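Thank you all for coming. I would like to walk through one model this morning, going from one helix to the sheet and then on to a few single residues, so please keep the view open while I talk.

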Amino acid sequence: MFEYLGDRLTSAIKNIKGMGKITEENISDAMREIRMALLEADVNYEIVKEFTNNVKEKALGLDVSKSLKPDEVFIKLIKDELVSLLGNEASYLEVNKKPTLLMLVGLQGSGKTTTAGKLANFLRKKYNKKPLLVACDIYRPAAIDQLKQIGKEINIPVFSKDNSVVTNIIADALVYAKENSLDYIIIDTAGRLQIDEKLMNELKEVEEKFLVDEKILVIDSMMGQDAINVITGFNDNLNLTGCILTKMDSTSKGGVALCVRHLTNVPIKFVGDSEKMDGLSTFDPERMANRILDMGDILSIAEKAEGLMSEEEAKMQASKMMKGKFDFEDFLKTMNQIKKLGPLENMLKLIPGARKMGLNEININPKDMAHVEAIILSMTPYERKHPEVLKASRKIRIAKGSGMKVEDVNRLINQFEQMKKMMKQMQNPNFKMPF
């Protein structure tokens, strides 16, 4: 997400490094590179022009403090301008009304049905809400089956009715939600290959009859600038309350995110950042600007990790690590918690300086983690608690039980012992990291 744009922007900022002050001459190359970076990331030309003019005007009119370096000031200007372009503040869902009626709209193939499941999962985990998924794509039977499968996977109820009109389905879903004290009704509507009169009339009928609280457009971020026309088309008819950009993990450009709010005034509420059911993140302009400029997003990591482990458990695990008493049982538990966060490479990208350290290019094969897990599960509970007893005969048995080679078992044990040793050494105030 934004890797290409981020790399180009940080490269442009390097041109300012080492300069004594900001002048029109020494920022001209940087501004040219920023302009090209934004255009190549599929950002609208008028926005690019406005963005670069604003940065240049503010940079040249700035009296740089002696305590700050010109490149630091320049980064701050670019970040502020990015935040402004992205909408300044996060836009949140209505969460107080009960039940809240939320309608997802969009073209076919934008990911509405999957996003409905992700959103339901998010509301339950983040706000402890009880959502109901409502299948209203009556023209594509596979969509109803897909939503039912998603509901089963995440253990969230799905309401559907055969041979019925959309407004009747929603009316009955409302009754069901009230009877079962559910908080959210998430309506998965039909899509079309393009915006047409029939589609809009159906959506407007739902809006008028039920006073929908949230009308959210699900849009494929890989559409590029065409996405703006789609958003405008839906917004002119429905007065959207927000949009969700899907497949943001599949594009390194992400230029559409920089255009949506500015060109349509429709706030981005969420982005889809993985295919998993927890792959939906709140869109926060400041955090997103930090990601683009490789400043990381520690808050998003913390939010994703929230609820996986109690504070007491976390302290106990940290204490065992620092004392060198971390065993394979602890390691297995930690691995399972990490898997719940989604793809590990996505987490690494949120660390400050990830691109500089090359963490954004790491691809972790899920099979490698599965192999490690198989080796640990082939150990007896006693062996996991006491790795020191793992001698030759035990290693042969573990290798056979896990379908791996003895060399693989040895490699894991050696890496595990090195990790324990380093963790223990970190307690020493004079310890220096070996890189």
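The buried residues of helix H8 are covered by elements that include strands S1, S4 and S5 together with helix H7 (166-179) and helix H9 (226-238), and I should say at once that this is a predicted model. The residues in question are Leu199, Met200, Glu202, Leu203, Val206, Glu207 and Phe210, and you will notice that two glutamates, Glu202 and Glu207, are on that buried list. Looking down the axis of H8, these buried residues fall within an arc of 160 degrees, so they line one face of the helix. In general, an α-helix has 3.6 residues a turn, so residues three or four places apart point the same way. On the other side of H8, Glu197, Lys198, Glu208 and Lys209 are exposed. As for its dimensions, H8 has 14 residues and reaches 20 Å from its first C-alpha to its last, close to the 20 Å expected at 1.5 Å a residue. Just after the helix comes leucine 211, which has a positive phi, near 50 degrees.

Let me turn to the sheet. In which order do the eight strands of the open sheet run? The order is S3-S2-S4-S1-S5-S6-S7-S8, and the pairing is mixed. At the edges are strand S3 (158-159) and strand S8 (280-282), each of which pairs on one side only. Within the sheet, strand S5 (residues 214-220) and strand S6 (residues 242-246) pair in the parallel sense over five bridges, and there valine 218 stands opposite isoleucine 244 in S6. Helix H8 (residues 197-210) packs on this sheet, where it touches S1, S4 and S5, and its direction makes about 170 degrees with that of S1. Another helix, H5 (residues 112-127), lies across strands S1, S2, S4, S5, S6, S7 and S8, and runs at about 170 degrees to S4.

Between S1 and H5 there is a loop, and serine 110 is in that loop. Is serine 110 buried or exposed? Its relative accessibility is 5%, and therefore serine 110 counts as buried. The side chain of serine 110 reaches the backbone oxygen of valine 218 at 3.3 Å, and valine 218 is the residue I placed opposite isoleucine 244 a moment ago. Leaving aside its neighbours within four places in sequence, serine 110 is in contact with Val218, Ile219, Asp220 and Thr246.

The next helix is H3 (residues 45-60), which has 16 residues and reaches 23 Å from its first C-alpha to its last, close to the 22 Å expected at 1.5 Å a residue. In H3, the residues Ile47, Val48, Phe51, Thr52, Val55 and Ala59 are buried. Seen down the axis of H3, they fall within an arc of 125 degrees, so they line one face of the helix. They pack against helix H2 (24-40), helix H4 (70-86) and helix H10 (260-264), while the face turned away from the buried side carries the exposed residues Tyr45 and Glu57. At the start of H3, a side-chain oxygen of asparagine 44 reaches to within 2.9 Å of the backbone nitrogen of glutamate 46.

Finally, helix H4 contains serine 84, which counts as partly exposed because its relative accessibility is 35%. Serine 84 and arginine 261 are 177 residues apart in sequence, and their C-alpha atoms are 9.5 Å apart in space.

Terms used: Residues numbered from 1 in each chain as written. Predicted model: local features only at pLDDT ≥ 70, side-chain atom pairs only at ≥ 80, totals over all residues. Heavy atoms only, no water. Helix = DSSP H or I, 4+ residues; strand = E, 2+ residues; numbered from the N terminus. Expected span 1.5 Å × (residues − 1). Buried < 20%, exposed > 50% of the residue type's maximum accessible area, 1.4 Å probe, protein only. Arc of directions from axis to C-beta. Contact = heavy atoms within 4.5 Å. Polar contact = N/O pair within 3.5 Å; in protein donor to acceptor, adjacent residues only side chain to side chain. Pairing = 2+ DSSP bridges. Axes fitted to C-alpha atoms, helices over the stretch in contact; angles between N-to-C directions.
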